[in-house]
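Reader: Could you take me through one part of this model up close? I would love a look at how its aromatic rings come together.

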Amino acid sequence: MDFYGIVGSLLTVGLISGGSAIIFKKSKDFLKKNGQDVGENNPSSSDYDKLKLLFDHTQKEAKLGVWDWDLNTNTLTWSDEVYNIFDQPKIITPSIEVIRAIIFEDELEDYDNAIKDAIKGGYPRRIQYRIKTRNHFIKHISEKREVIKDAAGVPIRVIGTIQDISKQTQTTNYLFKTKSNYKLLTQTLPVGIYRSNKKGDVLFVNQTMVEMFGYNSEEEMMHHKCGTYYSNENYRDNLIAQLETDGMLIDYKIKFKRKDGTEFIATENSQIEGDEIHGVIQDVTERNAIEEEKNVLISTLQRQNDDLERFAHIISHNLRIPLVNLMGLTQIIDESNLNSDNKEILDLMRQSTNNLDMIIKDLNKTVSIRDKKHKHYQQVNLQECLSTVEQELEEVIILSQARIETNFEETDEILSIPGFLNNIFLQVIDNSIKFKHKDRSPVINVRYESDELEHRFAIEDNGMGINMTAYKDRLFKLYEKLHPQIEGRGVGLYMAYNHINALKGKITLESQLDHGTTVFISIPKETQL
């Protein structure tokens, strides 16, 4: 029988797949293309060699070997690819025992039974087993055999194929493991996961989705159309229309309907691929209620804050007029007709009205900060800003012999509200001078650095320091005097805090008694109020 006959026989009994036959055909075409005629009628010896080369090439491409077992002579013949698959040298004589020696022990019984079945004329079946090669590689083998019988029905020959399916097995195992991991993931995630087609057939749902919609099983839920699960069927039509436009939807808020008819709000993340829609659904009913409650609370707080600001305006402006009148009256009173007691009372009145005037001025400054927080930002040169502060504090700087050092460059600028930044530096540096150490002149070091997100300042002095244990929670409160023995009203840090807060910045403070204080200020970049 020529090689075409062998291939035909193998195809007839199903030992070579159609895919391998295609490879055989392509190999034949390859030889023809290279000028090697492979005649099929009356092949010569040269034709036989060419056909053998063709068949060997086919087997190599498909990793498919062919064997022939003559039962009368008990002779087993292997093609070259069988030797390659079994990793055996061609000097050995092929035998069943050679194969059994490399098969995994726990799979030998199935291999032996398959041989017995084949010899008895049983229905041909494909078996799979593992072998360990001489180089200690493990291969997965697929083998199929067919018994040839004589006219009397006696088995005389067994032909078969073996194929190295290691890569296919690895791929199958990987896909199975991936599928198992996917199933585990979908069944344990606390969100509903589904897959459907555009017609509305549900192809997959996870257990969380079943529980979310109040059904008893995945099968029950998959029995219904997708539109059943939306509180309005038009919602799904709108979702699909948007998916076909955008391809993907993130946090798409929509209202769904449970099996018992109750509705709930959820977000859906969906993606469309051809005819299929993959979606993740999360019940946000509770979160949505919390957000609504938060919005109501914010609205209430905003309204109360506006009321407080209006009240502060009334106090700071409307009370100032009668106070100024009262202060004026105390100044024009004729003291010549007053006895000593009345003069003392008048002095106390003047002192009280002056104190009240300062309080209203402080309140007015605080209200002014809130009024001006919506001013437009502009570029502020840091050197020029600090120079303005030094001019305002010129007298106290000279009297205290204070020295102000800085690392500002001529080109250092930040986007801010000029008046706010000036007042921040003014209040902090004025405090550094006011609370200087009794044994040394003030040295104030103003450092600046920035990154992509914020501007940072550190204003360090060598003053008397603050008892942080006692005053840590009172640093930025109005009228908190941390050093009662020194003249002051306790408004400096409070004013700086309010300006920084209006700029959405942060202020912190580190201090040690008798060593000094460092004030840290950070202001976010590109902030528009």
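Author: In this predicted model, ring pairs join Phe-213, Tyr-215, Tyr-229, Tyr-230, Phe-256 and Phe-264 into a cluster. A search of the whole structure turns up 14 aromatic pairs. Let's start with one of them: the ring centres of Tyr-215 and Tyr-229 are 5.7 Å apart and the planes stand at 85°, so this pair is edge-to-face. Where do the two residues sit along the chain? Tyr-215 belongs to the loop between helix 8 (207-212) and helix 9 (218-222), while Tyr-229 belongs to the loop between helix 9 and helix 10 (233-246), so the pair ties together parts that are 14 residues apart in sequence. Both Tyr-215 and Tyr-229 are buried.

Another pair makes a nice companion. The rings of Phe-425 and Phe-457 have centres 5.5 Å apart and planes at 80°, so they too are edge-to-face. This pair links distant parts of the chain, with Phe-425 in helix 16 (residues 418-434) and Phe-457 in strand 15 (residues 454-461), 32 residues apart. Are these two rings buried or exposed? Phe-425 is buried, with a relative accessible area of 1%, and Phe-457 is buried as well, at 3%; the cut-off for buried is under 20%.

One more ring is worth a visit, this time with a charge as its partner. The charged end of Arg-130 sits over the ring of Phe-104, 4.1 Å from its centre. On the strand side, Arg-130 stands opposite His-140 in strand 4. Strand 4 (residues 138-149) is joined to strand 3 by 7 bridges, and the two run antiparallel.

Definitions and conventions
Residues numbered from 1 in each chain as written. Predicted model: local features only at pLDDT ≥ 70, side-chain atom pairs only at ≥ 80, totals over all residues. Heavy atoms only, no water. Pairing = 2+ DSSP bridges. Helix = DSSP H or I, 4+ residues; strand = E, 2+ residues; numbered from the N terminus. Phe/Tyr/Trp six-rings, centres within 6.5 Å; stacked < 30°, edge-to-face > 60°. Buried < 20%, exposed > 50% of the residue type's maximum accessible area, 1.4 Å probe, protein only. Lys NZ or Arg CZ within 6 Å of the ring centre and 35° of its normal.
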